[in-house]
Amino acid sequence: MANSYLTRTFGTPTDTKKYTMSVWVKRSKLGVQQSIARSTNGNDDSHIFTFNSDDTLRMDEYGSSSSIGKLVTNRKFRDTSAWYHVVLWYDSANGTAGDRMRMWINGVEETSFSTDTNPSVNAASAFNKASQPINIGRTSYGSGGNYFDGYLAHMAFVDGSTVAHTTFGETDSTSGIWKFKSPSGVTWGNNGFHLKFENSGALGTDSSGNSNTFSVFGDLKQALDTPSNVNATLNPLNYTSSAITYSNGNNKATYPGAWMASLGTMGVQAGKYYWEAKVVSGNNANLFYGISTDAVDLDTSPQNKAGVISQHINGDRYVDTTYTAGAAQALVNGDILGVALDLDSGTKTVKFYKNGSLLTSSSSINLTSTFDNEFVFPIFIGNNSSASSIWEVNFGNGFFGTTAITSAGSNGNGSLFEYDVPSGFYALNTKNINTYG
């Protein structure tokens, strides 16, 4: 969503003293300020939901050049593999000062704040205000900025009332995990909206019944990654250097001038899984791909270490430090590779595909004893010695970078891949791991 946003202008509020905001969010980029929703008109400026540069979370009401009220969490939100459900209350009419601004994360009220200042009684919100432009996914102050990089789902705003967090989420009776719940019986108020993001051609559509639809700007894309089914991405946290640049929801990685690697956010010990990646134009002679355990030093030549099976795009291969030259056909810019990981068969294997075809008969590689009883992760390796060295991966969302796949193959089982998924294999996501892992 980076460099993309949605916007509309508020009408006359039902009640400037009360509102509820609910949103599901999955982060991609860390360590920079990113706005989820913010409204600005002159000096009236409200961070309704902002990640600070230290990865804390802020609810900030600021109007007419002064603070109305603010909450800043002590804890940091740095898990790029999970969805957070955030519910915010503004209720300046409440007789208890400490209850005038409240926050819930994944069904639990947040009570530990580094900053906790309360609005005065009946203080009007600077966020929910007539003729106030609201931006989702960036700050609307000045020329704009602080774009959000990640995923959003089911963003809801209720004008004029504080609605229980259990209206938007509930605890799963089997797993005990907080999960999405479709809101019902909500009186949305004049400025209320519910953005489901379910129409890929009109992502700003309001489903509350108010027709408070948002305009869409930038290269905003719909993802199949949802709070109910989380797809793997590349993980910027499993590696000691910050030199790799991640973008497009952590599905694109640009590598610096040294051998470094990215693991996927999900590791598995059982099941059959498939994913794809694209060789992007640039200095891509220095690219490897394959599988790895999580006990590997990813900063120093990770392609030839124990616990890694890596395939070079020129056909060379390392299997747990054993090198084989030219074991398969080379990949070139624009080619799409496929990886099929089988952890269910008597002999566990990994196979590599080029544009839908198995590379060679020798590409069915038996996993060594190093992988026994270990979690196995996708791995992508690069070394940028003179120009961009880039991988774009598709774990089932149906995009390489910001470009949608041209024609979905079969056997996707709800996920979107460029080529046919081998029979019995599934995308690497929480639903499939729960069912087949």
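Trainee: How many residues in the lining of the second largest pocket are nonpolar, polar and charged?

Mentor: That lining divides into eight nonpolar, seven polar and three charged residues. Keep in mind as we go that this is a predicted model.

Trainee: Thanks! How does one find such a pocket to begin with?

Mentor: The general idea is friendly enough: rolling a probe the size of a water molecule over the atoms shows where empty space is left. Here, the second largest pocket has a volume of about 580 Å³. Its lining is made of 18 residues, and those nearest the centre are Ile 177, Pro 227, Ser 228, Val 230 and Thr 430. Two elements, β14 (178-180) and α1 (430-436), each give two or more residues to this lining. The largest share, four residues, comes from α1.

Trainee: And what is the volume of the largest pocket?

Mentor: About 790 Å³. It is lined by 36 residues, and Gly 150, Tyr 151, Lys 221, Gln 222 and Ala 223 are the closest to its centre. The elements giving two or more residues to that lining are β12 (150-159) and β17 (245-247). Of the elements, β12 gives the most, with five residues. By class, you will find 16 nonpolar, 13 polar and seven charged residues there.

Trainee: β12 is a strand, I take it. In which sheet does β12 sit?

Mentor: Look for an open sheet of six strands, in the order β9-β8-β7-β2-β12-β15, with antiparallel pairing. The edge strands, β9 (108-109) and β15 (193-195), each pair on one side only. When you look at side chains, a general rule helps: in a regular strand they alternate between the two faces of the sheet.

Trainee: How many bridges join β2 and β7 within that sheet?

Mentor: Eight, linking β2 (residues 18-27) and β7 (residues 84-91) in the antiparallel sense. To pick out one pair on screen, start from Lys 18, whose bridge partner in β7 is Asp 91.

Trainee: Now a hairpin, please. How many residues lie between β5 and β6?

Mentor: Two residues separate the strands of this hairpin, and Ser 64 in the turn has a positive phi of about 55°. The strands themselves, β5 (residues 57-63) and β6 (residues 66-73), run antiparallel and are joined by six bridges. One pair to look for is Asp 60 with its partner in β6, Lys 70.

Trainee: Which residue of β10 is the bridge partner of Leu 71?

Mentor: That partner is Asp 116. Strand β10 (residues 113-117) pairs with β6 over four bridges, in the antiparallel sense.

Note on methods. Residues numbered from 1 in each chain as written. Predicted model: local features only at pLDDT ≥ 70, side-chain atom pairs only at ≥ 80, totals over all residues. Heavy atoms only, no water. 1 Å grid on protein atoms, 1.4 Å probe; cavity = no way out; pocket = protein on both sides within 12 Å on 5 of 7 lines; lining within 4 Å. Points joined across faces, edges and corners; volume = space filled by probe spheres on them. Nonpolar A, V, L, I, M, F, W, Y, C, P; charged D, E, K, R; others polar. Pairing = 2+ DSSP bridges.
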